[in-house]
Each structure stands twice: as structure tokens, then as C-alpha cells.
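Biologist: Could you walk me through this one while I look at it on my screen? I would like to start with how the strands are put together.

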Amino acid sequence: MIGRIKLVTLLGIALIACCCAGAHAQQQVIGAPPEASNMKLVGSNDLQARSAYQPTIHRQGDRYIAYIGHHGGTDDIPDPINPLTGKAEPNGTSIVDVTDPANPRYLHHIPGQEGKYEGGGAQMVRVCDGKALPKGDPSAVYLLRTFGSEAHEIWNVADPANPVLVTRLGGLKDTHKSWWECDTGIAFLVSGAPDWRTRRMTQVYDLSDPAHPVKIRDFGLPGQEPGATGAVPTELHGPISTGPQGNRVYFGYGTDKGGMLQIVDRGKLINGPKEPTLDNLRFPEIARMPMSAFNGAHTTFPMLKMPVAEFAHDKDGQARDIVMIVDEAIVNECGEPRQMVWFADVTTENRPMMISSYTVPEASGSFCERGGRFGSHSSNESMAPVFYKKMAFIAFFNAGVRALDIRDPYHPTEVGYFIPAITAATDKRCVTIEGKDRCKVAIQTNNVETDERGYIYIVDRANTGLHILELTGPARAAAGLP
Amino acid sequence: MHSRLIAFGVAVALLIGIAGMQPAWAQIEGWHEIAWPYPRDGWPAGRAFRCAAEACGGEVELYVRPKIGFCNCDTGVADDEEVDRVADLDLISQRFVPLAAGQRIEVADMRGRSRAYDLTMASGAQHTAVGIALSHRCDLLVAVAQGEADAVQMRRAALEFLATSEMTRWMASALGGR
């Protein structure tokens, strides 16, 4: 009898525990306020309920314009209506005037490649002024974007409400997050050249005259080149160059698996032998840092010569060259190892070493139960002095954006966060359980960017739009903002 | 009463255990399950099987596992290079050369491609292998067979084994129930 009582008691405790776990799942609901700490909402725009990838904020005269790349449409709405034209348009590039961040004004939508999710759209966008480019039209402002998986395009957005196509580089099997040096015009385009053994590698172009692109070379990891055999190294995600002054390009390979940081001598890459032979692909490489098979390198953001307060009295090594590496979570509801943020000390370039990491504590929001992806995706890539080497902002899917104090990169510390509220436009995210879809609705903060004024722009993969934020309280003080 | 409950529980556990220990593919002639022979990598271990020489034209080992979220949701397994990349050949050897262009295949409502290879092992020995990649939505089911049979026999044996009801049930479960 005593045994039975114990059994009933244990069952009761288990039942209560289950109920409590459910209560703490913190499922987002429409109408609930955003969740925030030391960050506040300044303004927003629904981006015509298009799934958003990358925002780039560009100052054009006395205006600030946000260019936002989109994924393809959804099963439910493949081609959303553009209210400005009244037409259904495949997701492409949104152009939003954010001069007044409290009242962002949607100016134009450039349609992208027909197709749903990653199969369409125009995810990536970079912008350079014509007057900065060596051979550009000084009156032009050039937008470099992907066109789905098949092309790169350059548009003149000097009048952001009326973009004009300048150039198209097509014939590709994939594209992704490219880098464009505005002072030289050299572009590191993430492409899928048809004859290469990988979906994504690098095509280096001289886009100093955007109307007349000049190809310099193809580049990738040995084993990816045409005609190679054997194991194929992890595909490229994206590069970031420090230009002729820094003479380095930091390549990130992998998204959520088998990641790698590759440090490349920019001069040797551009001026070295160009045929994609094993020797020529190895020639510009300075070092590689393989990561765990559990993690990928989505963004490799260099922060060179960072003074580290803790090392201030050391006779050597007071300043360190740091690369922040951000993995990308790709599976809903924690169906993979945690994707997070890593800091590598690359001061001794041929011996890069991981020194610290950061993730959002899952239990702080029961994020594995909220729906959609939980984990990092990307960081801001602006090197404007307002935040550079002081604060980093990380898009963390259903955990919103996280503000990190990185002044001591050996000990990065979260100082703020913002998780937007969901709306009627927020799309569901599903997992398959016993053959059936089980779907939840949650914010999916995909990318983040900052501008030189100190505003933070986050965009949502699940169609909730653009949110413009600012730091408050201790986070604002940590950034040195008034 | 207490001891009766314990005895009942032990009996149930034994029955469940015995049922669990009885592999369904023990009924598939020539094949039996072996331990997954490779160290942990980015993907969880899958299942490994060996086919006797009499049944498969030479001893064949087959390694099968799902790769969740690793497939282009729209294009599926697009080309032979994708088979080179994803089919786990590199678990066996980093050095492999395709023998010919791959073939389209369909197993249990999943479409994909298979391709035959020559593998050069660390010892220098040559092996034949067949890589298999099947897509389901944004997920992959990959398999690689290696052994003594020739490529045609190996491919046929591997695909027949994957198409058995026992294996298709397991694959469906491994892909979230499909």
C-alpha cells in the first residue's frame, strides 16, 4: 500500500513538472509586447511581409537608406503583393528610407528570382558610392545584389525610389554573401561556378567600373576545383576583406557543420597565378583554423589590433587581432548541435586559436520549445567607429538580437537583447513528428546591421519585417554613447 | 503484492528487451547489422550492415544515416558532385575517384542519385564503393556501400536492401516520421 502511495505521489509530481515546463515555454503570441533588456524599439516596417536576409544601411547625401535582401516567398504566398505597384512580385530587395528611424518609409521593391525560400529571392546586398569607386560614375550609387542562385546584379540606386539595372553576371548554380571593397572596387563574389565541385566558392572581380566587370580569378579550397577527385571540402559561406591596407581576406566556410576560418593574403590572391590548380589555390593562403564538426563559420568578422585592458601592462601582446566567428543554426527546434559565437585570436596568424565563445542561455527563454530556429546566424558587419571593436550584435533567430560587450574579447558579455513581438504576418515554422507537421510561430531574427549613428537594424526571416533599435541604460554606456 | 508487481515489471521489460534485440533485418537474407565503425563527426552515427559474399556477390558493408537540414529543399540531390560531397565516402577514405556518371534513383518515395567510385585506402589498397544520396524535403538520407562485389552488384544489393520494408520504416522514422 505504501508503495502504491509512493507511485501515485511520483506520478503527481511528474504531471506537475510537465505542466510547469509547458507554462515556461514562453510561446510568443500576437499582441504580446517585445522582450527587451537595454535595447528599445525606435521604429519598424513590415517589408511587405517578405522573408528577410541581409540589411545594409547606406548614407546617401543627407539621407540614410536601408537595402534589405530577401529570401524567396513561402508556400502560402510565393509572390507577395507590392502595395506600391499593386502587383504580385517575387521577393527581391526592399529599399527603405530610414533617415527618420522612427518613421521608416518604404520606397521601392526590386523583384528577385522566382522561387520559394532559399530557392528564390535576392538575399545579399552591398552598396558603394560611385565617387568612392576608382572608375565609377560619381553621380551613381551602386547596389550589388544576388539574383537568387543564378546571378549577381549591380543596380544604380542614386535615386533609391527608381533603381536602374547596370550589370548582370549570370550562369551560376548558386550565390551567397559577397564582399565588395568600395575604395578599390575589388569584389569577392560568392558564386557557384558551374564546373566547380562545390555550390559556393569565390569569384574575384574588379568592379571598380560597375558597368564593365572584369573577372580576376576563381578561388576555393583545394579539392573544390574542377577536375579534382576525393573528398570535397566544406563550401564557402562568405568572405570579409580588410582591403589593401590590411591585405587580408577572412573566409568563412560552412554554415552549421565542419566550419573553417581561412586567412588569405589579399595581394597574393588578386595578383598571384590564377589557374585553379592545387598549388595556385594554396599560394595565397596564410592559415586555416578548422572548427568542430558541430559548427560552421557563417560570418568571419575581423577586429584587428584590439587593445585588451587585461593585457595593458604586458610587455608584448597588449593588442590582439581578433576574428569573431558566427555559426548559423539551420534546423528548427534545436535539432542540431548549438550554433553560437566564437572569438579567435589570430595575432600569430599561422597559429590562430579560439579564445572564447558566447551563446544565449537556452533556459532564459525556453528557446528550444518556442518554435523555429534557435542559435546564432550572423553579426553586424559595419566597421563604423560607433560600435567597432566595442559592441557586437548577433542575430539569434527566436532569441532576437543580442548585444555583446566585446571590449575584452577573451570574455564577451551580453549587455542587452531585443526579441520583437510577432504579428499576423509572422510565418510558422514546422518540425515533422511521426510523419506530421507540427508548427509554431516565433520571431526568427535573421540578420542585423548597424549604422554610423548607432541605430541597430534587425530583420526577420519569418516575414515580420524590419525593426530599428537603439541601446539604452548600461549597454548604451558600454558603447560610449551619450 | 509488491513482489508480484516487480515480477510483472521484470517480465514486461524482458519481453520489450527481447523484441528490441531482435533486428527486423535479420530476416533479410544475407544481411546483418554491425557496429557503426567510424568516429563521431558532424552528424550523429547511423547504422551499418554487412552482407555475406554469397548473397551480394562479394562481402559488402553498407553505412546509412540521415543528414537533417543538409539538402537544398527545392532542387534535392541536384548532380553527381552533390553525391561526391554528401554520401559519406570520406568516412572510408579521403581519396576516391568516380568510375562513371551517376544514376538517378528512387527508394521509398525518395529521389536522388547514386554513383560508383574507386577508393584508395590508407594502405594503398583499392576498393569499390557506391555512394547514395536521397532527398526528402530539406533532409538527406545518405548511404555508402563498399566491399568486394563489383560496382553493379554492390549498387543493386544496396538499393534492394534500402528498399526493404524494414529499412524504409527505419529511414522514415530517422527522417522524423516523414
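Modeller: One term has to come before that: two strands count as a pair if DSSP finds at least two bridges between them. Please also keep in mind that this is a predicted model.

Biologist: OK, so how many bridges join strand 4 of chain A to strand 9 of chain A?

Modeller: Two bridges join strand 4 of chain A to strand 9 (residues 121-122) of chain A, and the two strands run antiparallel. In that pairing, A:His71 has A:Gly121 of strand 9 as its bridge partner.

Biologist: And what about strand 3 of chain A, how does that one run against strand 4?

Modeller: Strand 3 (residues 52-60) of chain A is antiparallel to strand 4 of chain A, with seven bridges joining them, and A:Pro55 stands opposite A:Ile68 of strand 4. These strands form a hairpin with two residues between them, in which A:Gly61 takes a positive phi near 65 degrees.

Biologist: Which residue in strand 7 is the bridge partner of A:Ile68?

Modeller: That partner is A:Ser94, and strand 7 (residues 93-97) of chain A pairs with strand 4 of chain A in the antiparallel sense over five bridges.

Biologist: Is strand 4 of chain A mostly covered or mostly open, then?

Modeller: Strand 4 of chain A, which spans residues 63-71, is mostly covered, with eight of its nine residues buried.

Biologist: Switching to strand 12 of chain A, which strands is it joined to?

Modeller: Six bridges join strand 12 of chain A to strand 11 (residues 141-147) in an antiparallel arrangement, while five bridges join strand 12 to strand 13 (residues 164-169), again running antiparallel. A:Ile154 of strand 12 takes part in both pairings, since A:Leu144 stands opposite A:Ile154 and A:Thr167 of strand 13 is a bridge partner of A:Ile154.

Biologist: What sits in the turn between strands 11 and 12 of chain A?

Modeller: The hairpin of strand 11 and strand 12 of chain A has three residues between the strands, and A:Gly148 in the turn has a positive phi of about 55 degrees. As for burial, five of the six residues of strand 12 (residues 151-156) are buried.

Biologist: Now chain B: which residues of helix 5 are buried?

Modeller: In helix 5 of chain B the buried residues are B:Met154, B:Arg155, B:Ala157, B:Ala158, B:Phe161 and B:Leu162. Seen down the axis of helix 5 of chain B, these buried residues fall within an arc of 165 degrees, so they line one face of the helix.

Biologist: Why would residues a few places apart point the same way?

Modeller: An α-helix has 3.6 residues a turn, so residues three or four places apart point the same way.

Terms used:
Residues are numbered from 1 along each chain as its sequence is written. Chains are lettered from A and ligands numbered from 1 in the order in which they are written. This is a predicted model: local features need pLDDT of at least 70, side-chain atom pairs count only at pLDDT 80 or more; totals for chains, interfaces and linings use all residues. A residue is buried if 20 or more other C-beta atoms lie within 10 Å of its own, exposed if 12 or fewer, and partly exposed in between; C-beta atoms are placed from the backbone. Helices (H or I, at least four residues) and strands (E, at least two) are DSSP runs, numbered from the N terminus. The arc is that of the directions from the helix axis to the C-beta atoms.
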